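This report describes selected features of one protein model. The sequence and the structure are shown first, and the discussion follows.

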Amino acid sequence: MNFESLLEPMQKSSIRIAYELNTDKGCPVGSSKIGGKPDLPADFEWFYYKGESYDGIIERRPLSFLAHINCEEANKFDKDNLLPSKGMIYFFYELASTTWGFDPNDKGSSRVYYYPGNISELKSTDFPSDLIEEYKLPEMSIVFSSKNELPDFEEFIEWHNEFGYDKWDAYDEARNKIIPESDEVSINKLLGYANLIQGGMLLSCEETSNGVYTGTTTEIPVDKLQQYKENCTKWQLLFQLESIEAENYEMLWGDVGRIYFYIMAEDLLKLNFDNCWLILQCT
């Protein structure tokens, strides 16, 4: 099998995100950043989710603000022209429950919000009074860059179901000829392909968002499973965020894992961010 001929057209561009803690001054209002108080439109209503925390308490809690991306700042690094050219994209996640994305009931525990208006109309906004301190991420400024990528093998076989794991080595050899393997450890980014920890997530997004619990093996009728496999490649990585480790602050996704926001390609084209799905993976 000539994997190179299959991989060449699968290249995608990611927008890499490097961040640093702001110790002297805050980020300008309307700029891209991780953490801190979000810059929001006046009519924004904070997102809440009722879920079970790690200590077994079920409550309705405010989602934490993770990051917002000024689309004009990110635009020149968006080589595939997938993001809107203006406005702001916001990412939120409820950190007391830290859902994994296996359960259809996780819907609402993470949210992506898109503001298409004028950035100059945004205001730095206080957190809800019931958001506890440890779930407020410190403010960190962002520097963007771009990089071409190919999928990890476990995502590749979600696209091409005819291959088994015995082809892993041949696949890696072909992929490294096109894009040499990087020694990066921490990778935060928009778009591109997910850096997998526990396996491909496209099928999980499709199944779970359609009501299937994927935390354990679930019997699915053959025709339905085939439909899910055919549709799963309509999902696209939107945002990947590593565990946050900064001066005097730590927020780990599981055991130093990552969270991944996925969106259907058609929804991204329509700038509909209401149906995004989050999955948490760790070692």
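At roughly what angle do the axes of helix H5 (residues 202-209) and helix H6 (residues 222-231) cross? In this predicted model, the two axes come within 8 Å and cross at roughly 125°. Angles from 65 to 115 degrees count as roughly perpendicular and those over 145 as roughly antiparallel, and H5 and H6 are therefore oblique to each other. The crossing in which H5 passes H6 is right-handed. On the H5 side the contact is made by Leu203, Glu206 and Glu207, and on the H6 side by Leu225, Tyr228, Lys229 and Asn231. By class, the residues of this contact comprise three nonpolar, one polar and three charged.

**Surroundings of H5**

Helix H5 is mostly covered, since six of its eight residues are buried. These are Leu202, Leu203, Cys205, Glu206, Glu207 and Thr208. Leu203, Glu206 and Glu207 thus appear both among the buried residues of H5 and in the contact with H6. The packing partners of the buried residues include another helix, H3 (153-159), besides H6. Strands also take part, namely S12 (235-242), S15 (258-264) and S16 (277-281). After H5 comes Gly211, which has a positive phi near 95°.

**Cysteines**

How many disulfides does the structure hold? The number is zero. Cys27 is in no disulfide, and the nearest cysteine sulfur belongs to Cys71. For Cys276, the closest cysteine sulfur is that of Cys205, at a distance too far for a bond. Cys205 is itself one of the buried residues of H5. The table lists the sulfur distances together with the accessibility of Cys27 and Cys276.

| Cysteine | Closest cysteine sulfur | Distance | Relative accessibility |
|---|---|---|---|
| Cys27 | Cys71 | 16 Å | 14%, buried |
| Cys276 | Cys205 | 9.7 Å | 12%, buried |

A disulfide requires a pair of cysteine sulfur atoms within 2.5 Å, and the 9.7 Å between the sulfurs of Cys276 and Cys205 is therefore too far for a bond.

**Leu190 in strand S11**

Is Leu190 buried or exposed? With a relative accessible area of 2%, Leu190 is buried. The residue lies in strand S11 (residues 188-191). Beyond its neighbours within four places in sequence, Leu190 is in contact with Ser14, Ile15, Ile17, Ile69, Leu83, Phe91, Phe144, Leu238 and Phe239. Leu190 and Tyr260 are separated by 70 residues in sequence, while their C-alpha atoms are 9.7 Å apart in space.

Definitions and conventions:
Residues numbered from 1 in each chain as written. Predicted model: local features only at pLDDT ≥ 70, side-chain atom pairs only at ≥ 80, totals over all residues. Heavy atoms only, no water. Axes fitted to C-alpha atoms, helices over the stretch in contact; angles between N-to-C directions. Helix = DSSP H or I, 4+ residues; strand = E, 2+ residues; numbered from the N terminus. Parallel < 35°, antiparallel > 145°, perpendicular 65-115°, else oblique. Left-handed = near helix turned anticlockwise from the far one by under 90°. Contact = heavy atoms within 4.5 Å. Nonpolar A, V, L, I, M, F, W, Y, C, P; charged D, E, K, R; others polar. Buried < 20%, exposed > 50% of the residue type's maximum accessible area, 1.4 Å probe, protein only.
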